[in-house]
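Reader: I'm new to this one and would like a friendly tour. Could you take my questions one by one?

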Amino acid sequence: MASGEVNGEQPSSEKVNGEAEERFPVEEVALVVPETDDPSLPVLTFRAWFLGIVSCTVLIFFNTFFVFRTQPLTISAILMQIAALPIGRFMAATLPTREFQFLRWRFSLNPGPFNMKEHVIISVFANCGVSYGGGDAYSIGAIIVMKTFYKQSLSFLCGIFIVLTTQVLGYGWAGMLRRYLVDPAEMWWPANLAQVSLFRALHEKDSRSKGLTRMQFFLIFMGASFAYYALPGYLFPILTFFSWVCWVWPHSVTAQQIGSAYHGLGVGGFSLDWAGISAYHGSPLVTPWVSIVNVAVGFVMFIYIIVPICYWKYNTFDARKFPIFSNKLFLGTGQKYDTTKILTPQYDLNVAAYDSYGKMYLSPLFALSIGSGFARFTATLTHVILFHGRDILRQSKSAMKSVKLDIHARLMKNYKAVPEWWFLCLLVGSIAFSLLMGFIWKDDIQLPWWGMLFAFGMAWFVTLPIGVIQATTNQQPGFDVIAQFIIGYVLPGKPIANLLFKIYGRISMVHALSFLSDLKLGHYMKIPPRCMFTAQLVGTVVSGIVNLSVTWWMIGNIENICDVEALHPNSPWTCPKFRVTFDASVIWGLVGPRRLFGPGGMYRNLVWLFLIGAILPVPIWVLSKMYPEKKWIPMINIPVICYGFAGMPPATPSNIASWLVTGTIFNYFVFRYRKAWWQKYNYVLSAALDAGTAFMAVLLFLVLQNQGHELKWWGAELDHCPLATCPTDPGIKVAGCPIR
């Protein structure tokens with residue numbers, strides 16, 4: 001995307017090392033990221049170490065805590081980013097300035113004013129507490145499922161091995177892929193622009209003559225967000241899933257299936273809760289408009305066309321025997337599937353019991369969402385090969401040559417790079433400890449050494465293509481379905497092995513991309529690479545230990561956590577993310593893909609989506625070559641279109657629909673018609689909404705919810721659609737549902 005005229009002024013060129021450099025080729029980056037640097041600023045100071053480790057610890061604690069809730073809340077690093085500024089300035093004003101000497105090193109507790117680079121390093125520490133705790137529940141999900149759903153005894157030491165080796169393994173992949181996903185200007189990682197905008201708002205002075213400064217704007221909207229979240233967060237939770245259709249047709253199962261924002265298709269439903277809007281696809285304000293359009297196309301096709309046709313017209317997969325939208329597993333009679341009846345004491349499948357008890361079924365939307373994962377995986381590979389293969393090949397060939405660098409890469413040449421062997425040591429070490437764990441706790445994890453090596457190879461294979469998609473569209477097409485599908489065929493009837501394979505195959509990729517995103521943030525903010533390496537590695541270890549410790553404490557101290565049937569009806573500890581993790585382990589590990597998707601399986605036709613996904617990007621690529629003047633054709637992104645219906649469940653259609661509407665308002669209408677406002681305030685607004693919501697969520701829990709002060713009135717119910725969970729097939733009897 002070429003940079004255009006902004007506010008009536010042509011973008012100026014910068015000079016780096018005496019050479020003129022053109023403006024950055026991505027307009028959003030050119031509008032937001034400064035193209036200057038001050039190499040003299042101290043980075044890894046005492047203040048940065050202290051505030052960074054505290055930030056990481058606090059965030060990982062709260063994110064682990066909140067991920068168990070019915071409406072999970074991810075507290076972004078922005079919360080600690082804001083808090084670190086006044087504390088950092090206070091430390092700069094009060095700490096002694098004299099130098100200390102330790103062996104060969106000299107340092108000062110207070111090397112001068114608190115600066116932006118210190119602040120960035122603190123946020124890098126804090127990001128470890130986000131990507132690890134709430135950013136992806138699977139990071140700790142396998143251990144939670146093993147202990148709460150399967151009731152397995154697992155030692156804390158084994159848990160530490162699982163948690164840390166997964167994280168460090170991802171760090172190894174990140175180091176090896178820097179040249180492809182960080183250095184090129186086209187890999188711009190849109191989500192980082194919100195953080196860059198916030199840093200500039202906090203540290204740079206704006207002219208008051210041009211309206212509110214970015215800092216004033218941030219404080220006003222953070223306060224407004226803080227105050228408002230008291231409504232959906234406590235006083236009026238119905239705002240999270242507003243389903244007016246159910247009020248109009250209170251006795252119609254079909255109407256409630258269509259209109260329920262929590263248990264149905266969410267037609268007409270919406271969310272006025274920022275936590276709900278940003279819960280699954282991240283902030284819509286930082287997602288490019290092109291990506292939003294692609295997600296919208298997939299969402300509309302899936303929710304409003306494919307699912308209704310399959311459910312009401314063709315009764316695909318016996319769909320009408322079950323709720324249209326549910327993350328639960330079912331018997332053919334429409335009743336909930338009790339997995340304990342088919343488990344052996346060794347957590348394997350009891351084949352005789354399975355044959356006697358009955359086949360397992362999925363809700364129609366859940367089944368089709370799994371099928372979309374098949375298409376998304378192969379479409380990602382094909383898309384990246386066709387549209388980015390030449391660039392990746394060129395980058396590989398130029399790795400050892402002198403190539404033209406963009407302005408940010410040229411500025412980063414002032415600092416020592418991190419040698420490749422540092423990352424390779426971490427990679428080899430994490431692989432060695434993972435294999436050692438497989439020998440020590442062989443019976444607990446079920447995954448043999450060759451299964452782990454297989455997972456490592458798969459992670460290496462997919463991190464680059466998925467990283468290209470995320471770095472350009474802010475969407476991360478997952479391949480967890482594929483990982484579990486493959487190992488489910490290789491090791492059938494082994495649910496714990498299936499969970500562990502997904503962790504080492506897919507989740508190490510998730511962590512790798514999180515590290516790469518931070519590396520790009522450091523690239524934009526001119527953080528010395530070796531300082532970044534140190535902060536990420538220390539943050540990784542701290543977050544991993546705290547993450548598992550908090551999980552262990554919660555499992556031991558919250559009675560019946562994650563057990564929906566045993567919990568009080570208003571209990572927030574229902575663990576929807578981990579319920580999906582458990583269901584996936586049953587589908588792919590315990591029952592296995594052969595019984596569900598193999599010959600004679602109920603869902604065998606979904607396997608064709610592997611082929612369909614691989615083919616769909618081809619005509620788009622051909623048309624882009626035939627009509628190069630039509631710039632909109634290459635913007636059709638099949639993996640992102642497929643991502644439009646990813647994550648459901650636990651994500652609901654109203655979560656995604658509200659995300660799409662919000663993103664369209666800001667990244668199309670505001671960006672197009674009020675570009676000066678968008679440039680100054682858009683990413684600052686995203687940060688303010690995150691921070692205000694996070695502060696109020698923490699306050700509500702500590703002061704009210706943790707003390708048992710739950711409201712009981714009409715507006716306190718998430719969804720007033722009790723019939724949305726009912727089947728519509730005649731003769732199916734489910735408690736609370738009318739019989740047709």
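Here is a short run of questions and answers about this predicted model.

Reader: How many helices and strands does the protein chain have?
Author: Keep in mind that you are looking at a predicted model. Going through the protein chain, you'd find 30 helices and six strands.

Reader: What is the radius of gyration of the protein chain, and how does it sit beside the globule rule?
Author: For 740 residues, the globule rule gives 27 Å. The value for this chain is close to that, so the chain is as compact as a globular protein of that length. Its radius of gyration is 25 Å.

Reader: What share of the contacts with a separation of 6 or more comes from residues 24 or more positions apart?
Author: Here we leave out pairs with a separation below 6 and look at the contacts that remain in the protein chain. Residues 24 or more positions apart account for 80%.

Reader: Which helix gives the largest share of the largest nonpolar core?
Author: That core has 200 residues, and Phe68, Leu181 and Phe374 are among those with the most contacts inside it. Phe374, for one, touches Trp588, Phe597 and Phe610, among others. As a general background, nonpolar side chains tend to be buried together in soluble globular proteins. The largest share of the core, 18 residues, comes from helix 22.

Reader: Is Cys246 buried or exposed?
Author: You'll find Cys246 in helix 11, which covers residues 245-248. Leaving out residues up to four places away in sequence, Cys246 touches Gln256, Gly259, Ser260, His720 and Cys721. Its relative accessible area is 2%, and the cut-off for buried is under 20%, so Cys246 counts as buried.

Reader: Is Gln446 buried or exposed?
Author: Gln446 lies in the loop between helix 19 and helix 20. Although it is not a glycine, Gln446 has a positive phi of about 65 degrees. With a relative accessible area of 13%, Gln446 is buried.

Reader: And what about Asn560: what is its relative accessible area?
Author: Look in the loop between helix 23 and helix 24 to find Asn560. Its phi is positive too, near 60 degrees, in a residue other than glycine. Asn560 is partly exposed, with a relative accessible area of 34%.

Reader: How many positive and negative side chains does the protein chain have?
Author: The centres of the two sets lie 2 Å apart. The count for the protein chain is 56 positive and 40 negative.

Key:
Residues are numbered from 1 along each chain as its sequence is written. This is a predicted model: local features need pLDDT of at least 70, side-chain atom pairs count only at pLDDT 80 or more; totals for chains, interfaces and linings use all residues. Side-chain values use heavy atoms; hydrogens and water are left out. Helices (H or I, at least four residues) and strands (E, at least two) are DSSP runs, numbered from the N terminus. The radius of gyration is taken over C-alpha atoms; the globule rule is 2.2 Å times the number of residues to the power 0.38. Contact means heavy atoms within 4.5 Å. Lys and Arg count as positive and Asp and Glu as negative; His and the chain ends are not counted. The place of a charge is taken as NZ of Lys, CZ of Arg, CG of Asp or CD of Glu. Buried means under 20% relative accessible area, exposed over 50%, partly exposed in between (1.4 Å probe, protein chains only). A nonpolar core is a set of buried Ala, Val, Leu, Ile, Met, Phe, Trp, Tyr and Cys residues joined through side-chain atoms within 4.5 Å.
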